[in-house]
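This report describes the fold, packing and charged pairs of one protein model. Please examine the sequence and the structure before reading on.

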Amino acid sequence: MSAPKLSIVFFGTGPVSAATLAGIHNSFHIEAIVTKPRMTAPGGKPLPHPVLDLAEQHGWPTTIVAGKAELAAAVATRPFQSRIGLVVDFGIIIPAPVIDSFPLGILNSHFSLLPLLRGADPISTVIRDGLEQTGVSLMTIVPALDEGPLLWQEHINVPPSLTTPDLTDMLVALSNKIVQEQLPRYYNGSIKPYSQDNTIAPTYTHKLKKSDGIIDWALPAEQIERQIRAFIGWPGSRTVFSDRDVIITKAHLSTEATPGQTAGDFDHTSSGELTVRCGAGALIIDALKPSGKTEMPGKAFLSGLR
């Protein structure tokens, strides 16, 4: 007869949380899901909420909270029975009374090599900044942002030309493996928390806003190309060509002479591709999405302008 599965309470809201839950739920008994409310469209139509949809599919009890105060009140009113919680992509900083309500605390799988890239958006930051290595840190949480003691870290190399969705998939797979292997070891005392490396200066990321996607053509072409790969999906890399708002979805460095005299000037290459002058070098725009239209090749967009 197999041993009973470890019981956990899962805290999560976003798409990474849903991918995590889908990957690990067979390894644990899910006592409950704690998540944020389902959003609605302007007309009142409910929007997809992958975590809630999974909970409904599997019949897991859910606790829906909009902020720290609601979370603390819900746990104080109806404490969970599990000795441990797991949080991934939740969107609410969990207050100390909630953490303390679990005898073994709450673990967080954070997608960076802490203390580097604390905060809300470590994955796209890796792509945007051209970092060659990142990883996953499993830690016990404290009320301060991503400062808790570590239980486990593993790194991966970041191949060139990777996009944020590509890296997200890689990190989710690594995180799921770590959680399935190391959470039980922490539960039975085989691994102990240890402090984050205080010889490394912490770095921080922020939650991306729509305005972060506006392209500054005065930057070097290499940096803008990384931004385009980093901001696929959200917030998108936005610019204006001939009074037309577009989101650039794919580009590569040009080997031809740069067009125009000013950063942001665009022209065509000898083969008819759309190319844009940058602060240093130029980019060839492989694909873009004009406002209100579907994605198209940059070459086709340029032909339409003519």
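The sections below proceed from the overall architecture to individual residues.

## Overall architecture

The structure is a predicted model. Its secondary structure comprises eight helices and 15 strands. Along the principal axes, the C-alpha trace spans about 70 × 50 × 40 Å.

The protein has 306 residues, of which 45% are buried. Its exposed area is about 15,200 Å², with carbon and sulfur atoms supplying 54%. Among contacts with a separation of 6 or more, 61% are between residues 24 or more positions apart.

## The largest nonpolar core

The largest nonpolar core holds 41 residues, and Leu21, Ile33, Leu86, Leu107 and Leu167 touch the most other members. Helix α6 provides the largest share of this core, with eight residues.

Ile33 illustrates the surroundings of one such residue. Apart from neighbours within four places in sequence, Ile33 is in contact with Phe10, Leu21, Val51, Ala55, Trp60, Pro61, Thr62 and Thr63. Leu21, one of these partners, is also listed among the core residues that touch the most other members.

## Helix α7 and the preceding loop

Helix α7 covers residues 221-230 and is mostly covered, with seven of its 10 residues buried. These buried residues are Ala221, Ile224, Glu225, Gln227, Ile228, Arg229 and Ala230. They pack against two helices, α5 (122-129) and α6 (164-187), and against the strands β10 (237-241), β11 (244-253) and β14 (282-290).

Pro220 is located in the loop between β9 (204-205) and α7. With a relative accessibility of 36%, Pro220 counts as partly exposed, because this value falls between the 20% and 50% limits that separate buried from exposed residues. Beyond its neighbours within four places in sequence, Pro220 is in contact with Cys278 and Ala280. The C-alpha atoms of Pro220 and Pro103 are 51 Å apart in space, and the two residues are 117 apart in sequence.

## A buried serine

Ser112 occupies the loop between β5 (106-110) and β6 (118-119). Its relative accessibility is 0%, and Ser112 is therefore classed as buried. A polar atom of the Ser112 side chain lies 2.6 Å from the backbone oxygen of Leu116.

Leaving aside neighbours within four places in sequence, the contacts of Ser112 are with Leu117, Pro122, Thr134, Gly135, Val136 and Ser137.

## A nonpolar surface patch

Which residues form a nonpolar patch on the surface? The patch consists of Ile93, Leu145 and Tyr204, which together have about 290 Å² of accessible area. Tyr204 is placed in strand β9. The relative accessible area of Tyr204 is 49%, so this residue is classed as partly exposed.

## Salt bridges

A search of the whole structure finds seven salt bridges. Side chains of opposite charge can pair when their charged atoms come close. In one such pair, the side chains of Asp129 and Arg128 meet with an N to O distance of 2.9 Å. Asp129 is partly exposed, with a relative accessible area of 37%, and Arg128 is also partly exposed, at 28% relative accessibility.

A further salt bridge joins the side chains of Glu154 and Lys177, at 3.0 Å from N to O. Glu154 belongs to strand β8 (residues 150-157) and Lys177 to helix α6, so this pair ties together parts that are 23 residues apart in sequence. Glu154 has a relative accessible area of 21% and is partly exposed, while Lys177 is partly exposed at 32%.

## Shared partners

Lys177 also forms a salt bridge with Glu181, in which the closest N and O atoms are 3.6 Å apart. Both residues lie in helix α6, four residues apart, or about one turn of the helix. An α-helix has 3.6 residues a turn, so residues three or four places apart point the same way. Glu181 is partly exposed, with a relative accessible area of 41%.

Elsewhere, Arg38, Asp53 and Glu56 are joined into one network by salt bridges that share partners.

Notes. Residues are numbered from 1 along each chain as its sequence is written. This is a predicted model: local features need pLDDT of at least 70, side-chain atom pairs count only at pLDDT 80 or more; totals for chains, interfaces and linings use all residues. Side-chain values use heavy atoms; hydrogens and water are left out. Buried means under 20% relative accessible area, exposed over 50%, partly exposed in between (1.4 Å probe, protein chains only). Contact means heavy atoms within 4.5 Å. A nonpolar core is a set of buried Ala, Val, Leu, Ile, Met, Phe, Trp, Tyr and Cys residues joined through side-chain atoms within 4.5 Å. Patches are made of residues with over 30% relative accessible area and no salt bridge: like charges are joined within 9 Å, nonpolar side chains (Val, Leu, Ile, Met, Phe, Trp, Tyr) within 5 Å. Accessible areas come from the Shrake-Rupley method with a 1.4 Å probe; for residues, only the protein chains shown count as cover. A salt bridge is a side-chain nitrogen of Lys or Arg within 4 Å of a carboxyl oxygen of Asp or Glu. A polar contact is a pair of N or O atoms within 3.5 Å; within protein, one must be able to donate a hydrogen and the other to accept it, and residues adjacent in sequence count only if both atoms are side-chain atoms.
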